[in-house]
Amino acid sequence: MAKATYEENLQVDFHRKAAINLFNEVWDLMEKHDRTAEEDFLMIHKAHASRFHWGEIGEPVNFSRGEWQVSRVYAVLNRPEPCLVHAKRNFDIILDHDIKDFDLAFAYEALARGYSLSGDTISKEKYLKLAKEATAAIERDTDRRVVLQDLETIE
């Protein structure tokens, strides 16, 4: 296997830093209580940009988490259609790459949240139940608690 060039390493480093920074900036915006309409759009753009950068250099787990965050942004903005599109994309990545632990539970959570927003109570309950069941297989107690607390926020 050929050794990466200096320029290739710079590109990988650039994409990784951009993906991480944008992901964290999205969290800051999601948690902001007095977000403006302009910041809502900024949050959408940053979430998609983070996912793009992971797509350039990441692994399937990074793609999954990026899709999950995009879905969550749309959930925060009460936009069920794009929320579900990205929740389903996340779930497909999870299944295609046999990703488990809290990522699987959060994939179910995203689907439950999206279906809740869309008014599909039957699907919401189905995925909420699957999310709760998936938490039993989460290795770390702290991760399990985070998922369970998050599930409590689904209406």
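Helices here are DSSP runs of H or I with at least four residues, numbered from the N terminus. Keep in mind that this is a predicted model. With that naming in hand, Ser71 is easy to place: it's found in helix H3.

Let's start at the N-terminal end, though. Helix H1 covers residues 6–31 and helix H2 covers residues 37–57, and the two pack with their axes 8 Å apart at an angle of about 150°. Since angles over 145 degrees count as roughly antiparallel, that makes H1 roughly antiparallel to H2. Their crossing is left-handed. As for what fills the contact between H1 and H2, you'll find 17 nonpolar residues, three polar ones and five charged ones.

Now move along the chain to the largest nonpolar core, which has 25 residues. If you want to find its best-connected members, click on Phe91, Leu104, Tyr108, Leu111, Tyr127, Val147 and Leu151, which have the most contacts inside this core. Helices H3 (60–76), H4 (80–96), H5 (101–118), H6 (121–135) and H7 (141–151) each supply at least two of its residues. H5 gives the most, with nine residues. Take Leu111 as a sample: leaving aside residues up to four places away in sequence, Leu111 touches Leu84, Ala87, Lys88, Phe91 and Tyr127. Apart from this core lies another one, of 12 residues, among them Met30, Ile44, Val73 and Tyr74. In general, nonpolar side chains in soluble globular proteins tend to be buried together.

Back to H3, and to how it sits against H5. These two helices pack at an angle of about 25°, with their axes 10 Å apart. Angles under 35 degrees count as roughly parallel, so H3 is roughly parallel to H5. This crossing, too, is left-handed; the H1 and H2 crossing was left-handed as well. On the H3 side, the contact uses Val61, Arg65, Trp68, Ser71, Arg72 and Ala75, and these meet Phe102, Asp103, Phe106, Glu109, Ala110, Arg113 and Leu117 in H5. By class, that contact divides into seven nonpolar residues, one polar and five charged.

That brings us round to Ser71 again. Is Ser71 buried or exposed? Its relative accessible area is 1%, and the cut-off for buried is under 20%, so Ser71 counts as buried. And what does Ser71 touch, not counting residues up to four places away in sequence? The list is Cys83, His86, Ala87 and Ala110. Two of those names should ring a bell: Ala87 is also touched by Leu111, and Ala110 is among the H5 residues in the contact with H3.

Definitions and conventions
Residues numbered from 1 in each chain as written. Predicted model: local features only at pLDDT ≥ 70, side-chain atom pairs only at ≥ 80, totals over all residues. Heavy atoms only, no water. Axes fitted to C-alpha atoms, helices over the stretch in contact; angles between N-to-C directions. Parallel < 35°, antiparallel > 145°, perpendicular 65-115°, else oblique. Left-handed = near helix turned anticlockwise from the far one by under 90°. Nonpolar A, V, L, I, M, F, W, Y, C, P; charged D, E, K, R; others polar. Core = buried A, V, L, I, M, F, W, Y, C linked by side-chain atoms within 4.5 Å. Buried < 20%, exposed > 50% of the residue type's maximum accessible area, 1.4 Å probe, protein only. Contact = heavy atoms within 4.5 Å.
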